[in-house]
Amino acid sequence: MSAYRLQCELLGHEGAVRSINTSNEEIWTGSMDSVIRRWKRDPSILENESKPTNFYEMEGAAIYNHEHWVTAILYSPNPVHVSDNQVLQGAFVTGSMDRCIRIFNLNGEQVITLRGHEGGVISLAWLRKMDRSLLLSGSWDGTCHIWDTTLQEPLHIIPNHENGVSVLGLEDGQVVTASTGKQVGNEVVDFQLRFWKLGQQKVEFIKSIRDHQGPIRQLITVPQIGFASCSNDGSIKVRTLEGDCIVTMNHPMNAEGKPGFILGICILSCNERLVSVSEDCTARVWKLDGTLIQSIEHPGGLWTVAALPNGSFITGGDDKIARIFTQNAAICLPEAQELFEKAVENARAMRQRGTSVNVDNLTDYDARNSVRGKSEGQIQMFRRNDKAWACQWDRSANSWSDIGEVTGTNSGGVVDGTAYDLVIPVEIEQPGTGEIRKLEIGYNLGQNPSQAAQAFIDRHTLSQSYLRQITDYIIQRAQDYNPPVLDSNANANENVRPSPKQFVFFPATSYNTFESIKVAKLMATLSQFNQQIALEHQVSDKGLICIEELVLIIKQTAFYHASSFSQEQLQILRKIISTWPIAQVYPALDLARLVLIHPQGFHLADENFVMDLLRRGSKTETSNVPIATRFLSLRIVANMFLHSNCRAVIIKRKKEILGQLENYLQFRQKLVLLSFATVLLNFSRLQKEFPDEFSLEEAAQMVAMVVKALEAPLEELSEDTILRIFVAIGSLILERPMIREIHSVETDLGKLHQFINSENIKAYKSADATRDCLNELKEILIMGGNN
């Protein structure tokens, strides 16, 4: 059998890829960024052609309906009845941590929403019953729901499972459920399989099986045999329809002698191979007799795997990338495997190095004066003689002062391939053994502590009862934040004095940006649109080559410290943005957003650029302005705050910019509002950095705009938008307490008070995730901004 190789990578998610499913036509990927992205193979290559074949995200097809992580995706090739007079000819169904199940037609349009679970929905399956299909759903609320999609309500609810529930409908009509166990003292116990018979009036319990040694994470059908289960105990068990285990496959133990959690499994289309994925950063291909065929190491832990119709498979994991693997080397993209192996080597080296600081990605010490500190006392690391060297920003001297060599990981680091401001160690007693398991929580300052705690609980299958305890621990560690551990032999600066944090969320401590790098289809879309516009505005072939070179620079993030853009590249991009029709300009706007992530990206934006950008994006007289044009215009402005040069431009034209921003309040779509809130949050941070540049009236204008944004329809206000609005308001009041004496601000704060005490804020299914920030905001409002 030929070995599996990487065919291509699907890039675009901003969170871990948690769920994947496929039809013959599309791949759907769901993520912790709450987005579903839809992908199709390159249509220019025929199915039977042996040529390198990529998959592209479908233009404008991303689904933003979910309010929390997308944790399950189910496909039905069969008709799905959603009412007495409406039948979908095929459908996708999603489950989310927002507790909802959504059914979409094959065009990606949401048709119905099923509500009833009291916890996140983590498992979905079909049960064929006579002439119809019933939908099974499993949740963290400890229940399995059996739905009649025509009635849009559950026919049966099977309660009393131990926390998370996986579900499966067997070909003989039985239902199998599996649980993740419950916490009893220091042990997780009672993870088990249960078998159920569905009757006319009730569901009858048949039996249970307890042969796994850890929480059970997924159930899948194994044609002609029965089904399979996987577990945190590091095993996969292939079973008969009766549940008898006939084959066990085990992932190897780690260096500490413990198994890696197996979080996903699938059967390949040939029905002779099984693929498992684990938090141990591997996908493993097995024969059904238990023989291991191939192990494929990944850069980070894996959450999910799905089979493709041609015998290939696709994995999704913590590094936010979905990857397709195939045995047909002829269809693999050139250099795909080589780059993948290099990423794996780099990740392995990071883990083995014993420190979470990637020295190669740091700015060179000799170039430190090109980096401007964001606040007095800010600590930043630079690369000095191949070592990480800590410096502190001195605003009065406008320079960095030395602290010393970074030799530990007390703060800052990488967990599962993602960098964080703090890496918080946690020790948990291993159930039943008394051994101590050492884990890490990744946390970014300003992040919602409850969300970080929930992600940690889900990742390690801990009891939900730990949520408040872990949240409080994160808040405590964030308040006790210290600079990196320093070499005691280095000459430490005695004036180092990190300012104690009185609040976790306030004031805003950094600029928020939109940095996901997704350029795979930008050139194709730009070239396509270039042929559609008037001849006088078209870009020449030479110009398109310049833009392709610019895209290549953006993609090579590891070389940002040494790369730069040419004036010709930036001039062509500016020309496209200023002259192309409003309906076709958004790919260029997305490219400009990415340029501004680059250290040299500030050369793109000047006073005229930002004002023309905001004016075009807020046009109302043109009916065909895409939403993408509006929110990308705002995201470019948000990313400008990364650069001191651009911040100087924003300060110089702040009056006009704030005036233009008010025009965007009439566009009350979810992504526009999130982008708008981010720009205002960055303005609140900017006035903290340069307080003398902003009048009280301008600060009052900012408060008015963010409060106005809260008047949008509730379904258009995501939790991220709410949090950014709260942080912007709290920061403005905390830093400028005199602002409360302005009459208009008093009125706006009255509206804010009504909102935060209304049913609206309670209506959010994940209201617990906003509670810490909201409590701090209320405290600031009560004390009048004085701390």
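The legends below accompany an overview and several close-up views of a predicted model.

**Figure 1. Overview of the predicted protein model.** The protein has 787 residues, of which 56% are buried, and its secondary structure consists of 17 helices and 37 strands. Among the contacts with a separation of 6 or more, 58% are made by residues that lie 24 or more positions apart. The protein exposes about 33500 Å², and carbon and sulfur atoms supply 46% of that area.

**Figure 2. A negative surface patch that includes Glu-242.** The patch is formed by four residues, namely Glu-171, Asp-172, Glu-242 and Asp-244. Glu-242 is found in the loop that runs between strand E22 (235-240) and strand E23 (245-250). With a relative accessible area of 43%, Glu-242 is partly exposed, and because patches are made of residues with over 30% relative accessible area and no salt bridge, this value is compatible with its place in the patch.

**Figure 3. Asp-748, a buried acidic residue without a salt bridge.** Asp-748 is found in helix H15, which spans residues 743-756. The nearest side chain of opposite charge belongs to Lys-751 and is 4.3 Å away; since a salt bridge requires a side-chain nitrogen of Lys or Arg within 4 Å of a carboxyl oxygen of Asp or Glu, the pair Asp-748 and Lys-751 is not counted as one. When residues up to four places away in sequence are not counted, Asp-748 touches Val-703, Ala-704 and Val-707.

**Figure 4. The cis peptide bond between Phe-506 and Pro-507.** The bond that joins Phe-506 and Pro-507 is cis, with an omega of about -10°. Pro-507 lies in the loop between helix H3 (467-479) and helix H4 (522-532). As background to this view and the next, most peptide bonds are trans, and most residues other than glycine have a negative phi.

**Figure 5. Two loop residues with positive phi, Arg-99 and Asp-190.** Arg-99 has a phi near 80°, a positive value in a residue other than glycine, and lies in the loop between strand E7 (86-96) and strand E8 (101-104). The relative accessibility of Arg-99 is 31%, so that Arg-99 counts as partly exposed. Asp-190 has a phi near 70°, again positive in a residue other than glycine, and its place is in the loop between strand E17 (187-189) and strand E18 (193-198). Asp-190 is partly exposed as well, with a relative accessible area of 25%.

**Figure 6. Thr-579 in helix H6 and Ile-582 in the loop after this helix.** Thr-579 lies in helix H6, which covers residues 567-579, and at 26% relative accessibility Thr-579 counts as partly exposed. The C-alpha atoms of Thr-579 and Gln-538 are separated by 9.3 Å, although these residues are 41 residues apart along the chain. Leaving aside neighbours within four places in sequence, Thr-579 is in contact with His-537 and Arg-616. Ile-582 is placed in the loop between H6 and helix H7 (586-595) and has a relative accessibility of 9%, so Ile-582 counts as buried, the cut-off for that class being under 20%. Ile-582 and Pro-626 are 44 residues apart in sequence, while their C-alpha atoms are 7.9 Å apart in space.

Notes. Residues numbered from 1 in each chain as written. Heavy atoms only, no water. Patch = residues over 30% accessible without salt bridge, like charges linked within 9 Å, V, L, I, M, F, W, Y side chains within 5 Å. Areas by Shrake-Rupley, 256 points an atom, 1.4 Å probe, with all protein chains shown as cover. Lys, Arg positive; Asp, Glu negative; His and termini not counted. Charge placed at Lys NZ, Arg CZ, Asp CG, Glu CD. Helix = DSSP H or I, 4+ residues; strand = E, 2+ residues; numbered from the N terminus. Buried < 20%, exposed > 50% of the residue type's maximum accessible area, 1.4 Å probe, protein only. Contact = heavy atoms within 4.5 Å.
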